[in-house]
Amino acid sequence: MKSVSAVQNEILHRDRTPTITKIALGCLLVLSAVIIFLGYRGQRLYDASGFSSEAGYQAVYALSRDVDEAWKKQLRAQLEAPEGGQREQLEEAALSLLKSAWEAQKSGGEADASAAVASAGDGRRGEMTYKLLYTTYLAAGPKVSSSIKKEVAAVPQGEADAFRAALLSCIADEGAPLPQAAVKAAESLTGEERQAMLFQLFFVSAGSTESGVTENVNAFKKGVRDKAVQLRAFCMIARQEVSWLSQLTVSNSRTVMLMGIILAVDVLLLSFLMMADKSWIVDFKWILILAIVDFLLLFQLLPLVYMVIKAFLPEGGFSLETFKRLYTYPLNLDALKNTLIAGFATMILGTLLAFPLAWLVGRTNLYGKKFFRALFVLTYMVPPYVGAMAWLRLLNPNVGTINQWLRLLFGLSDAPGPLNVYTLPGMIWVLTTFYYPYAFITISRAMEKMDPSLEEASRISGASPLKTVFTVTLPMMTPSLISGALLVFVSAASCYGIPSIIGSPGRVHTVTTRIVEYVSLGSQGLNDATGLAVFLMVLALIILFVSDVVLARRQYITVSGKSVQPAIVDLRKWRVPVTVLVSLFAVVVIVIPFITIFTTSFKVDVGKSMFAAANFTVANWTTVFGRTETMNSLKNSLLFAAVSATVGIVIACTMSYLLQRTRVRGRKIPNFLITLGSGTPSVVIALGLIMTMRGEFGVNIYNTAYIIIVAYMIKYLMMGMRTVVSAMSQIHASLEECSQVSGASWLRTMFKITGPLIFPSIAAGWFLIFIPCFYELSMTTLLYSSTTKTIGFQLYEYWTFTSQPQSCAMAFGILLIVVALNFVLNRLTKGEFSI
Amino acid sequence: MATVTIKHVTKSFGDNVVLKEFNETFQEGEFITLLGPSGCGKTTMLRIIAGFEKPTSGELYIDNQLVSGGKTFIPPEKRSIGMVFQSYAVWPHMNVFDNVAYPLRIKKASKAQIKESVERVLGIVHLSQFADRFPNQLSGGQQQRVALARALVAAPKLLLLDEPLSNLDAKLRESMRFEIKEIQRETGITVVYVTHDQTEAMAMSDRVFLINRGVVQQSGTPEEIYNHPANQFVADFLGKVDFFKGEVKNGRIELAGMNGQAISYDGPRSGKVDVAVRPENLYFTPQGELEGMLEAQYYLGDVDDCRVRVGDVLVRVIANGYEYAELKKGQKVRLGVRSIMVFEDDGQLEQLLKIQT
């Protein structure tokens, strides 16, 4: 029996919890508002400095160009009207030093500044040094000699800080007294000239001479961008507004605002969820959901939304100018047409191939159907650009192997042809051979799930196997068939690897290749790229919506009794001919391309047979894999893929648990976002990240490995999640409940029961994220920097700029690694999983 | 209506023999039930008759025409059979009318004829008003009746039913059982019915084939196999039964562990025996042959389910419901025996009763 007070306590507690929660939520909301305000205020202060806008950069740049003149004027004035006393001596010393420095620099030596500094004596050391600096700067321009730098570095910290602070207070406030060392430099200057001069001095004194003073406008902008925010903060400190909070908010205003907004969104979302749930008890699972949602909002939704906004509001106001410009340009119009035609044709061809293959493999007594199944699925894990390379070798109009055979066979002249891969149909063919497995897998899976007695009922009703296919199997499969077909369409339309390898030499442009070209054109190009990306994104979103929402609802759920082996349709007299046909298909689509890649990698002259005289070499292999850059990019690929897969699988497991084991409201939100991410074309994801992750929104991961890893995760997280979710859905919750009833804690249950049961799926999920990340090309093409090249991108570069046999060696190397990974996966999961 | 003749049919998947030497003839208009625990091979037999599986050896005739065996194999669609599947297998993309009309459309029957036949058969299964509905708008029982109507519409000579009632709830199962039996009686169709539920088998069948581990243990009318089981497995599988060890001595069977108490026996067996007693064949009477102590009783309404300790053995007795009030736990009782089944004790009882799945 509970004591009365305990019961009372409980009632009180129950009553109080919602109130406490509500108050806490309110406080958090207020806090987020305060943070946003602080960020906003910081931003305003920063904006006031005139460095945030393009005009600001230009103004300062113009100043910096003129500044040398200003400095020289100053120096002249100084030399012409020297003042008396100690100061004069100092200046003379500095001047003589300057002269010798000037001479030394001209003759290639370096001036020694220590003598002049030493002569200045203690207490004046700092001032002397800055004067030196100033004069040297005048003489040598942006190049400051190393001994001067050394002297600057040796200035006591306190003195240096005071100098900078004084400088900054002058920058911030024209009326503020100039620091002693700067008086001469800036005294007679006014307005912008003076500002520029003070900035120059500051940059120099802050040890960032190269970035602060330069002839290169981009480097200068970068220098200002990097420093200006902090400058403002220092200014404020200099103006006695010394507070760590101000410093923080001004120098990181965007990050602060971002944090505030995220907090506000989280709090509002949480309140909404709690309100909908009518339960105000804090559940730590929400924190998990919110963390995942935050990640996805920031790195996935924000870039996409920003891109759309940028496309429609290029200059701040609504305008369709970008689209008009883009789509009146014939090249883009062609690209658009090509993308749609290629996507559509690939979809039709791919589905027409996939359905009969899936049916033959799943429902008939075709010879070797298990083997064929594995073979068709295998294509799924081959990087598409490798296929494109193979088909280029086979269907090149001049030296393509198949063309050579055909000419031999039909006695054609040596003129190019008859087939040419550098055309739209050529591209469609290659796309089809690489994307039909998508439809094949979707349809096969649906066929496996379909209750075989539905077909048996048709047979027993008197329908022949073929009639059954058309009256029962096909109509029942329609939703899966369409979603498989749409998947092929969107994959083909957003593919970059194949069009970039086949399209560029053949001048067959697609939206993806145009986007990549535009991005390489700089900031105006970025704007144009968004216009194209929006087209691709809308296409993908419509398809995602149709297949995930419309079709999913139409999916027939069939009550399956005991698992009966489906009745196998006897092909009888057709068994041998059909098997031969399927084998032929496999040889053409899979065997020949792989062999081509393999043999090409050993050739000296790609136009001749591998066995021709003096045409066999292993040099391609040794060269490619002997290069440091190959090894570096391989290392990068392995690292990025491993990090993406590991972080991804942790998120996937969390999500699976939330989806399958809890009824927490809102668990569908991250699920939706993850689905959205995987449905977004790679090029679009990468472009969005480029446009938003350069500091504009408080996060700057541009040109780092992080931006690549983030992109990989957004695109491929789904692959891992689906595996874990389906594994978890097959473990009945009672298994876990039973463990908990037996006295095991939640954690112990996870480790002892759930963990071991779903481990194979977790491993599989990890590999399913890892493998596509490992050979990724489309996103890396846009996101790489010189230190973050990956193996896929390296291969593309070799293929385009170096040597085809060498890149074939590399491609085969990649294939071997992927096959090896697949083997490991198969072993690890005891044969349950492989791609 | 059709006869089905099964000659030495054996079916194995790899090394796993699921059906051994099935050898039987189903007569015209007979209601045959293949009964047995799951995995016993009964569904395999049904699928062989339907033509979804080929026998490994042996022959199958429908109406004396060879349909499976040797090099001959007639595919399911050419066998003129109706079949109802455990999962109903009602096509979700067609409405009730189209589902039922399907076999007739395959046969290219005329529109009028299709309409007439479908309406007639929907009438039989009481679904006339649901013709336009789609399967997802129907309950499980209604879907099952659609499946039944579809199986009957083309007037097949043979109807196969694969555990058709196992996905229904208890009440519905009982009424459907009755309906199926009625339809069979009216149409006179030959029915092969597969189930693991002995009550279904008993209630509907003309002949029951009890199968275990791929072998027919016994066939016969429900009454025959219930009252005269061929072996311990049959006795055990049908109804409730307690087994006791015993020894025949001077026209009585002395039961092991019961302090030498014995029951009278005038059968042919001698020596060591297995005695199978159905609890409803024991009753309380002052003149009873066995003496024991009432250890527990459970009131189930119509009956009183009792446990009586006789010697060291606990014996189950199903008495009439009203006796519950007259008896008291711990009281001394005497048990009369209406009938017993006696089998030779070959030491294999445990092994025999084991159900292989």
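Me: What makes up chain A in terms of helices and strands?
Reply: Chain A has 36 helices and zero strands. Helices (H or I, at least four residues) and strands (E, at least two) are DSSP runs numbered from the N terminus. The model is predicted, so local features need pLDDT of at least 70 and side-chain atom pairs count only at pLDDT 80 or more, while totals for chains, interfaces and linings use all residues. Residues are numbered from 1 along each chain as its sequence is written, and chains are lettered from A and ligands numbered from 1 in the order in which they are written.

Me: What share of the residues of chain A count as buried?
Reply: Of the 835 residues of chain A, 44% count as buried. A residue is buried if 20 or more other C-beta atoms, placed from the backbone, lie within 10 Å of its own; it is exposed if 12 or fewer do, and partly exposed in between.

Me: Which residues touch the most other members of the largest nonpolar core?
Reply: They are A:Met389, A:Ala533, A:Leu536, A:Leu687 and A:Ala711, in a core of 257 residues. The name nonpolar core applies to a set of buried Ala, Val, Leu, Ile, Met, Phe, Trp, Tyr and Cys residues joined through C-beta atoms within 7 Å. Helix H31 (residues 705-730) of chain A gives the most to this core, with 17 residues.

Me: Which residues does A:Ala711 touch?
Reply: Leaving aside residues up to four places away in sequence, A:Ala711 touches A:Ile685, A:Ala686, A:Leu689, A:Met779 and A:Leu783. Residues are in contact if their C-beta atoms, placed from the backbone, lie within 7 Å. Among contacts in chain A between residues at least 6 apart in sequence, 75% join residues at least 24 apart.

Me: How many residues does each chain give to the contact of chain B and chain A?
Reply: Chain B gives 21 residues and chain A gives 21 residues. On the side of chain B, strand S7 (81-84) and helix H2 (96-106) are the elements that give two or more residues. The largest share, three residues, comes from H2(B). By class, this side of chain B has 14 nonpolar, four polar and three charged residues.

Me: Why are S2 and S6 of chain B called edge strands?
Reply: Strand S2 (16-26) and strand S6 (72-73) of chain B each pair on one side only. They belong to an open sheet of five strands in the order S2-S1-S4-S5-S6, with antiparallel pairing. Two strands pair if DSSP finds at least two bridges between them. S6(B) and strand S5 (residues 65-69) of chain B have two bridges, so they count as paired, in the antiparallel sense. In this pair, B:Gly69 stands opposite B:Thr72.

Me: How do you know that S4 and S5 of chain B pair?
Reply: Strand S4 (residues 57-62) of chain B and S5(B) share three bridges, so the condition for pairing is met. B:Tyr61 stands opposite B:Leu66 in S5(B). S4(B) and S5(B) form a hairpin with two residues between them, where B:Asp63 in the turn has a positive phi of about 50°. The hairpin of S5(B) and S6(B) has two residues between the strands, and B:Gly70 takes a positive phi near 60°.

Note on methods: Two residues are in contact if their C-beta atoms, placed from the backbone, lie within 7 Å. Ala, Val, Leu, Ile, Met, Phe, Trp, Tyr, Cys and Pro count as nonpolar, Asp, Glu, Lys and Arg as charged, and the others, Gly among them, as polar.
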